[in-house]
Amino acid sequence: MKQIRSLVLREKRDVFLSVMFGFLAGMGAVALFANSGYLISRAAVTPALAILTITIALLKLFSFTRALSRYGERLYSHRATFTMLSNVRTHFFKKLEPMAPRISQRFRSGDLLSRIVGDVESLQDYFLRVFYPPVVMLTVFTATIAVTLYFSPVTAGILAAGLLVTGWLIPSWYAFRQRKNAADVREARGKVSTEAAEFLYGFQDLKLHQRLAHKEEELLQQSKHYVSQQAEAARRRLASRTWNQTAAFAVSWLVLASGAALTAAGQLDGVFLAMLVMISLTVFENAVPMAAYPSYAHESRRAAGRLDEVMADEASKIPEKEEKHPFPETAPEVEFNNVTFTFPDENRPVLRDVSFHLPKGTATAVVGASGSGKSTLLQLLLGIYIPEAGEVKFNGFSTRSLDEKDIWRHTNAVLQDQHFFYGTVRENLQLADETASDEKLEEVLESVQLPYLSLDLELREKASDLSGGEKQRLGLSRALLRDTPVWLLDEPTSSVDASTEQHVLEKIYQSASRKTLLHVSHRLQGLEDMDQILVMEDGKLAEQGTYSELMKKQGVFYKMKQTEAELFMTG
Ligand SMILES: Nc1ncnc2c1ncn2[C@@H]1O[C@H](COP(=O)(O)OP(=O)(O)OP(=O)(O)O)[C@@H](O)[C@H]1O
């Protein structure tokens, strides 16, 4: 919350002007109605013409002041709100950006995104409904009570008591009652958004398993529950407003009654009575926003708290590097020295004491059973995670001292999940190189055996109009557009048929020749030309060597080859 407050106060000029115009508008209204009350009473006792003229002129002055100040208040308060919102967005984006790779693995991404967007949006109410209404209310009331004190201390006392009731007592009572309701609304909203996302993403599977109607019913129930929680919240907000206004009216009646009694007792000049009643009727307009204050204050506090929680998530932070070394511009040698690694919040280490060395400009294959830790090796190489023990090094520099953005800039990483955006094939390819000409783009599509794909073809969301193998090849063609010293491939052709795969991989190896390449491979064929093969088994490096060395050794790799051959024969 401290951060949000300091982001608001960064807009000092607009904050000051909104408060000042808010105060002037409030005082303008009080003065306008007070003056009207006075004018009506005064006119009844046929005063000098000069008094009437001055009072009527003041009436006009106050109504202009009120209208112009209200305009100024709206203008500056909304400008402050939008500037603050953009400051908040930029502030959180800057903080989140470096954490993004890890954050997306730790939280459910759709959930997190809608949560962050929702929380940032709800902070727009902070300035308009939490920060400055109490300031305006207090200043207007203080000035009004001070003026009223001059005419009637009793009325001033009643106004002060009214301020206490409408500005503090009723909002606090309402805040106490709605606390649980606000949590219920939030919980219901979270459930609806999760259910809706699951329903949309899982639509096809639900249909195939004939569970669509069941899931639809669940979603409908959640949605009904959410609507009823919202209605309850709205009812309570309305109740608070109604009580607030009832209290304000009661105060005006009290002012009238006490004023009448004081006039009868000769302690108040009757000509001021209407003025005092009008003051009490107007000044409470400034207490109206206080009815909704607690719910907005609570919501802003929660939103800021949740945003802080994501920012403070230690496991998602990439540790600050004490000394940053530049990433090598030419193919580096890579070392894993006794690397042990456990994912955050997990107990079992995924990699245990793994050591190997990839000489510069060599091609290495990583093979092993599913879950043996192959992809994790790539995540450590990309600096997304830092090992808990041991070092991952490029040319002798540990990933602890390399900037992860520098690693990504110098690495062609084709991971298992490639994302494609809604847009043309050209736009999706130009993510890798925005200056690439159409000829160049067509050339890379040709090399991955996708010559038939038009650059103008509009891809649907997540490229759902392409086959799995086509998507993988499109991902590889993006890599072919970048010339980097390191290549990391994680099963980039697992959905491609064997003959196309062979052709595509040849192209990739050709482009990556003399670069340092690590290829996590699901198949054991075509590894003969690799400079070395790493065999992973249950988080450990079981074997390492060239194809012929491993075959000669007749160890784990040899057995895997035999099993694959048997499956191939029986298949
Ligand atoms: N983000 C994560 N958080 C927690 N555990 C994870 C995470 N990612 C992977 N794991 C676990 O780490 C282990 C190794 O996973 P990894 O993806 O490295 O295996 P892999 O050898 O690449 O498997 P595959 O061939 O199926 O892709 C698995 O047991 C997996 O469940």
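Visitor: Which helix gives the largest share of the shell around the ligand?

Guide: That is helix α12 (residues 374-381), with three residues. A helix here is a DSSP run of H or I with at least four residues, numbered from the N terminus. Do keep in mind that this is a predicted model, where local features need pLDDT of at least 70 and side-chain atom pairs count only at pLDDT 80 or more, while totals for chains, interfaces and linings use all residues. Residues are numbered from 1 along each chain as its sequence is written.

Visitor: What makes a residue near the ligand, and which ones come nearest?

Guide: The C-beta atom, placed from the backbone, has to lie within 6 Å of the molecule. Of the 12 residues around the ligand, F343, S370, K374, S375 and T376 come nearest. By class, the shell holds two nonpolar, eight polar and two charged residues. Ala, Val, Leu, Ile, Met, Phe, Trp, Tyr, Cys and Pro count as nonpolar; Asp, Glu, Lys and Arg as charged; the others, Gly among them, as polar.

Visitor: Let's turn to helix packing. How do α2 and α10 pack?

Guide: Helix α2 (residues 12-44) and helix α10 (residues 273-283) pack at about 155°, with their axes 7 Å apart. That value makes α2 roughly antiparallel to α10. The axes are lines fitted to C-alpha atoms over the stretch in contact, and angles run from 0 to 180 degrees between N-to-C directions.

Visitor: Why is α2 called roughly antiparallel to α10?

Guide: The name goes to angles over 145 degrees, whereas those under 35 are roughly parallel, 65 to 115 roughly perpendicular and the rest oblique. The angle of about 155° belongs to the antiparallel class. Among the residues making the contact are V30, F33 and Y38 of α2 and M275, M278 and L281 of α10. The contact's residues divide into 14 nonpolar, four polar and no charged.

Visitor: At what angle do α2 and α6 cross?

Guide: Helix α6 (residues 124-151) crosses α2 at roughly 40°, the axes coming within 9 Å. That makes α2 oblique to α6, since roughly 40° is neither under 35 nor in the 65 to 115 range. Residues G22, F23 and G26 in α2 are among those that meet α6, whose side includes V136, T139 and V140. Nine of the contact's residues are nonpolar, five polar and none charged.

Visitor: How do α1 and α3 pack?

Guide: Helix α1 (residues 2-9) and helix α3 (residues 49-96) pack at about 130°, with axes 9 Å apart. That makes α1 oblique to α3. I4, L7 and V8 of α1 contact M84, N87, V88 and H91 of α3, contact meaning that C-beta atoms, placed from the backbone, lie within 7 Å. Five of these residues are nonpolar, two polar and none charged.

Visitor: Where does UniProt place the "transmembrane region" feature?

Guide: The unreviewed UniProt entry gives residues 15-34, 40-62, 130-151, 157-176 and 246-265; such annotations may be inferred rather than shown by experiment. In the model, residues 15-34 are 100% helix and 0% strand, with end C-alpha atoms 28 Å apart. Residues 246-265 are 95% helix and 0% strand, and their end C-alpha atoms lie 28 Å apart. A strand would be a DSSP run of E with at least two residues.

Methods
Two residues are in contact if their C-beta atoms, placed from the backbone, lie within 7 Å.
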